[in-house]
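Thanks for asking me to look this one over. My comments are set out as numbered points, so you can follow them with the viewer open.

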Amino acid sequence: MTYTSSLLRSLDERGYIHQTTDAAGLDRLASTQIVPGYIGFDATAPSLHVGSLVQIMLLRRLQQAGHKPIVLMGGGTTKVGDPSGKDESRKLLTGDAIDANIASIRRVFERYLTFGDGPTDAVLVNNDAWLSQLGYVDLLRDVGPHFTINRMLTFDSVKLRLDREQPLTFLEFNYMILQAYDFRELALQHGCRLQMGGSDQWGNIVNGIELTRRMEGKEVFGVTTPLLTTADGAKMGKTAAGAVWLNEDALPAYDFWQYWRNTDDRDVGKFLRLFTDLSLDEIARLEALEGSEINAAKDVLANEVTRMCRGDAAAVQAQATAAATFAGGGVGEALPEAVLPAEGILLIDALLELGFAASRGEAKRLIAGGGARVDGEAVKDDGFRINFQETSEVRVSSGKKKHGVLRPA
């Protein structure tokens with residue numbers, strides 16, 4: 001389909017669109033007026049991770065096209081827990097913990113969006129403002145008739161649990177009703193006409209559209225993005241060492257930069273389109289590079305994403321650290337560090353301290369496989385102890401791309 005609105009043209013050209021409920025209708029609307037659109041985010045941790053970055057960029061594209069982003073924090077729905085893509089129930093958080101998580105997460109959104117009171121300025125809304133006010137009987141009476149158990153049982157979030165014979169609590173089963181109610185409430189309070197999200201949210205988005213139409217007679221729209229995986233099939237945002245967090249206090253800038261620098265050659269163009277503001281012409285030039293020259297495009301990708309998420313200084317320092325570590329064989333300033341006690345430390349424990357292994361067993365396997373190095377020398381003895389002699393620092397490496405520094409206490 002050929003789009004006339006700058007919003008859908010941009011989303012289409014950069015690869016954000018997977019499904020739309022009414023592409024022609026949304027295209028007409030976005031061509032003639034400002035469209036308030038929202039995406040909901042969990043508040044289950046103090047930081048979102050890279051898996052949420054497509055959605056954050058989607059809100060950024062919405063604002064860049066002259067429309068109004070609504071960041072919906074799930075302060076209310078986090079008390080229930082979204083079962084989508086989960087094999088088991090999430091731990092329930094206190095209200096204070098949820099509020100603290102929202103305050104922490106907001107810092108990242110402020111790097112990507114312009115907040116304020118203007119017609120296209122972003123706003124952050126907490127769905128606890130209305131969900132906590134709902135009386136249970138009122139909710140059942142007013143909203144319940146618009147949902148059938150038959151259809152609810154067909155949603156992937158429910159079928160996944162049932163097929164795997166994993167418990168799905170009645171509390172979680174109600175999540176889809178509450179999310180649908182969010183769209184209806186945002187349509188009333190903020191004139192919201194669009195909900196966006198990942199492909200796993202399609203059923204929830206359609207529910208919200210139908211509920212808003214039935215209860216309020218309003219026409220609203222939905223867009224989902226493709227499930228984002230790397231070229232080798234791995235889920236975006238997960239590594240062997242854990243989640244790639246967006247907040248500075250959850251993951252050092254160097255590790256964040258290095259994650260993008262290690263992108264598979266086949267993913268460079270796709271990631272440049274999704275996660276940077278570079279022009280499509282420049283991206284086409286970069287992704288056409290071949291052989292070792294593609295590393296220049298990876299540097300650009302890592303710099304641009306880090307700059308946007310962490311700031312200019314973090315991107316410059318991370319690249320300088322990488323250059324010192326890999327090209328010069330030295331130790332860059334932003335490498336992860338750990339303190340070496342006076343009595344020394346086992347290499348296994350050093351790998352754990354630096355975050356290069358999640359368990360002692362994993363550290364032992366890394367050492368046995370020849371992947372652990374101390375000052376550039378491979379060590380295969382899992383009883384190896386690191387001590388300071390005539391040096392003020394020791395470099396510990398996991399494979400060729402992960403390095404850390406031990407310094408004296």
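The points below go from the chain as a whole to the sheet, then to helices, surface spots and salt bridges.

1. **Overall picture.** Please keep in mind that this is a predicted model. The protein chain carries 18 helices and 15 strands. Of its 409 residues, 47% count as buried. About 18800 Å² of the protein chain is exposed, and carbon and sulfur atoms supply 49% of that area. Among contacts with a separation of 6 or more, 72% come from residues 24 or more positions apart.

2. **The six-stranded sheet.** An open sheet with mixed pairing is built from six strands, in the order β1-β6-β5-β2-β3-β4. Strands β1 (19-20) and β4 (123-126) stand at its edges; each has a single partner strand, so one side of each is left without a neighbour in the sheet. Helix α3 (residues 53-64) packs on this sheet and touches β2 (36-41), β3 (68-73), β5 and β6. The direction of α3 makes about 165 degrees with that of β2.

3. **Strand β6 and its two partners.** On one side, β6 (residues 221-225) runs parallel to β5 (residues 194-198), and five bridges join the two. Within this pairing, Gly197 stands opposite Thr224, and Gly198 is placed opposite Thr225. The pairing of β6 with β1 is antiparallel and rests on two bridges; here Thr20 faces Val223 as its opposite residue.

4. **How well is β6 covered?** Which residues of β6 are buried on its two faces? Phe221, Val223 and Thr225 are buried on one side, and Gly222 and Thr224 on the other. That makes five of the five residues of β6, so the strand is largely enclosed by the rest of the structure. Helix α11 (residues 202-216) lies across β1, β5 and β6, and runs at about 175 degrees to β6.

5. **Helix α13.** Why is helix α13 (residues 268-275) described as largely enclosed? Six of its eight residues are buried, so the rest of the structure largely encloses the helix. Those buried residues are Val268, Gly269, Phe271, Leu272, Leu274 and Phe275. Their cover includes α1 (6-14), α3, α12 (253-261), α14 (280-287) and α15 (294-310). Helix α3 thus appears both here and on the sheet, which makes it a handy landmark when you rotate the model.

6. **A nonpolar surface patch.** Ile149, Leu153 and Leu162 form a nonpolar patch on the surface, and together they have about 270 Å² of accessible area. Leu162 belongs to helix α8 (residues 156-163). With a relative accessible area of 46%, Leu162 is partly exposed.

7. **Leu188.** Another leucine to look at is Leu188, in helix α10 (residues 175-190). Its relative accessible area is 40%, so Leu188 is partly exposed, as this class lies between 20% and 50%. Beyond its neighbours within four places in sequence, Leu188 is in contact with Glu216 and Lys218. The C-alpha atoms of Leu188 and Lys218 are 9.2 Å apart, with the two positions 30 residues apart in sequence numbering.

8. **Salt bridges within a short stretch.** The structure holds 16 salt bridges. One of them joins Glu304 to Arg307, with the closest N and O atoms 2.9 Å apart. These two residues are three apart in helix α15, so about one helical turn separates them. Glu304 is buried at 17% relative accessible area, while Arg307 is partly exposed at 34%. Asp264 and Arg266 also form a salt bridge, with 2.8 Å between the closest N and O atoms; Asp264 is partly exposed at 28% and Arg266 is exposed at 58%.

9. **Salt bridges between elements.** Asp349 and Arg360 meet through their side chains in a salt bridge of 2.5 Å, N to O. This pair links distant parts of the chain: Asp349 sits in helix α17 (residues 347-353) and Arg360 in helix α18 (residues 360-368), eleven residues apart. Both count as partly exposed, Asp349 at 23% and Arg360 at 40%. Finally, a network of salt bridges links Arg60, Arg61 and Asp277.

Conventions
Residues numbered from 1 in each chain as written. Predicted model: local features only at pLDDT ≥ 70, side-chain atom pairs only at ≥ 80, totals over all residues. Heavy atoms only, no water. Pairing = 2+ DSSP bridges. Helix = DSSP H or I, 4+ residues; strand = E, 2+ residues; numbered from the N terminus. Contact = heavy atoms within 4.5 Å. Axes fitted to C-alpha atoms, helices over the stretch in contact; angles between N-to-C directions. Patch = residues over 30% accessible without salt bridge, like charges linked within 9 Å, V, L, I, M, F, W, Y side chains within 5 Å. Areas by Shrake-Rupley, 256 points an atom, 1.4 Å probe, with all protein chains shown as cover. Salt bridge = Lys/Arg side-chain N within 4 Å of Asp/Glu carboxyl O. Buried < 20%, exposed > 50% of the residue type's maximum accessible area, 1.4 Å probe, protein only.
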